[in-house]
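The following exercises concern a single protein chain. Each sets a task and then works through the solution step by step.

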Amino acid sequence: MLNIFGKKKEVALVLGGGSARGMAHIGVLEVLEREKIPIHRIVGTSMGALIGAAYAIGLPIKEMEKKASKFSGNKLLDPTIPNLGLLKGDRLERVIRDLLDGNGFEDCKIPLTVVTTDIQNGQEVAHQKGDLVKIIRASCSWPGIFNPVIIDGRMLCDGGIKNSVPTKIAKEMNSDYVIAVDVGFCVREGRIENIFQMILQSFQITGEELNKYQSGNADSVIKVNMGHIDQVAFDRTSEIIEKGREAAEFKIAKIKKDLDM
């Protein structure tokens, strides 16, 4: 498992966005951990940033799964008078704070990079320091749904707008081997009846196209096939996590071979 310089290969794990579908990352992490796949760096966006941060600080997989199973989309609902978003995002922040239990970048046992998007200029922003909770909140904040988060004078929101599976960032960090987890999007066919469905469907369409190109930059892609499970199906968390396990099991032999394990 050495690179061309005779040193151990640096393995980066890239966790893409996906809201409820992103719970599949928990199943993937369980398999990688069981098989003792070394992870030297985690790069995440949106739900991938949250799950990646929880793992980076050392939260046990079983504890992560337990907390995920109790989650529901209703816990995020805090409507506000529409200005920059339909929801304040304060409840989202509380969920993140609870999962991370006061830990920050400095507490990560595995180096962590969280990706957001500056909505005012379209730039992607890769964070490795700062207020971890606020940064993950920004990375999870769908434009138009959640209010953006102002950090260091920048208006930040969902990292998935620009980079839904941020493999490019991992490559730019000179990682020798990049494992990307792509939980995909669920583009539905049928009548659109409200603004939530309208915004959500637009994300699905854009995200599915972005994933086709961005995940392909990885050395190994764990593509989680979830069919018509959509981004807000938090009531199907156990099923989603199992889908993540299945996808990782399918790819684990290739990963171990590539890493000479």
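**Exercise 1. Determine how Glu172 and Lys168 are placed relative to each other in helix H6, and what links their side chains.**

Solution. In this predicted model, helix H6 covers residues 167-172, and Glu172 and Lys168 are four residues apart within H6, so about one helical turn separates them. In general, an α-helix has 3.6 residues a turn, so residues three or four places apart point the same way. Next, consider the side chains: the closest N and O atoms of Glu172 and Lys168 are 3.4 Å apart, and the pair forms a salt bridge, the cut-off being 4 Å. Finally, assign the accessibility. Glu172 has a relative accessible area of 53% and is exposed, whereas Lys168, at 39%, counts as partly exposed.

**Exercise 2. Describe the salt bridges of Arg34 and Arg236, and state how many salt bridges the structure holds.**

Solution. Begin with the total: the structure holds 18 salt bridges. One of them joins Arg34 to Glu35, with the closest N and O atoms 2.7 Å apart; Arg34 is partly exposed at 44% relative accessibility. Another joins Arg236 to Glu239, where the corresponding distance is 3.0 Å. Both partners of this pair fall in the partly exposed class, Arg236 with 32% relative accessibility and Glu239 with 34%. A network is also present: salt bridges with shared partners connect Glu30, Lys62, Glu65, Glu242 and Arg245.

**Exercise 3. Establish whether helix H2 is buried or exposed, and how H2 is oriented against helix H5.**

Solution. First, count the buried positions. Ten of the ten residues of H2 are buried, so the helix is largely enclosed by the rest of the structure. The buried residues of H2 include Met47, Ile51 and Tyr55.

Second, compare the axes. Those of H2 (residues 47-56) and H5 (residues 132-139) come within 8 Å and cross at roughly 150°. An angle over 145 degrees counts as roughly antiparallel, and H2 and H5 are therefore roughly antiparallel to each other.

Third, list the contact. H2 contributes Ala49, Leu50 and Ala53, while H5 contributes Leu132, Ile136 and Ser139. Sorted by class, this contact has five nonpolar residues, one polar residue and no charged residues.

Last, look just beyond the helix: Gly58, just after H2, takes a positive phi of about 100°.

**Exercise 4. Which sign does phi take at Ser19 and at Asp101, and are these residues buried or exposed?**

Solution. As background, most residues other than glycine have a negative phi. Ser19 has a positive phi, near 50°, and Asp101 likewise has a positive phi, near 55°. Then locate each residue. Ser19 lies in the loop between strand S1 (11-15) and helix H1 (24-34). Asp101 belongs to the loop between helix H4 (90-100) and strand S4 (112-118). As to accessibility, Ser19 is buried at 13%, but Asp101 is exposed at 64%.

**Exercise 5. Locate Asp230, and find what its side chain reaches.**

Solution. Asp230 sits in the loop between strand S10 (220-223) and helix H8 (237-258). Its relative accessibility is 16%, and Asp230 counts as buried. The side chain of Asp230 reaches the backbone nitrogen of Ala233 at 3.2 Å. To relate this loop to that of the previous exercise, take the C-alpha atoms: those of Asp230 and Ser19 are separated by 8.8 Å, although the two residues are 211 residues apart along the chain.

Note on methods: Residues are numbered from 1 along each chain as its sequence is written. This is a predicted model: local features need pLDDT of at least 70, side-chain atom pairs count only at pLDDT 80 or more; totals for chains, interfaces and linings use all residues. Side-chain values use heavy atoms; hydrogens and water are left out. Axes are lines fitted to C-alpha atoms, for helices over the stretch in contact, and angles run from 0 to 180 degrees between N-to-C directions. Helices (H or I, at least four residues) and strands (E, at least two) are DSSP runs, numbered from the N terminus. Angles under 35 degrees count as roughly parallel, over 145 as roughly antiparallel, 65 to 115 as roughly perpendicular and the rest as oblique. Contact means heavy atoms within 4.5 Å. Ala, Val, Leu, Ile, Met, Phe, Trp, Tyr, Cys and Pro count as nonpolar, Asp, Glu, Lys and Arg as charged, and the others, Gly among them, as polar. Buried means under 20% relative accessible area, exposed over 50%, partly exposed in between (1.4 Å probe, protein chains only). A polar contact is a pair of N or O atoms within 3.5 Å; within protein, one must be able to donate a hydrogen and the other to accept it, and residues adjacent in sequence count only if both atoms are side-chain atoms.
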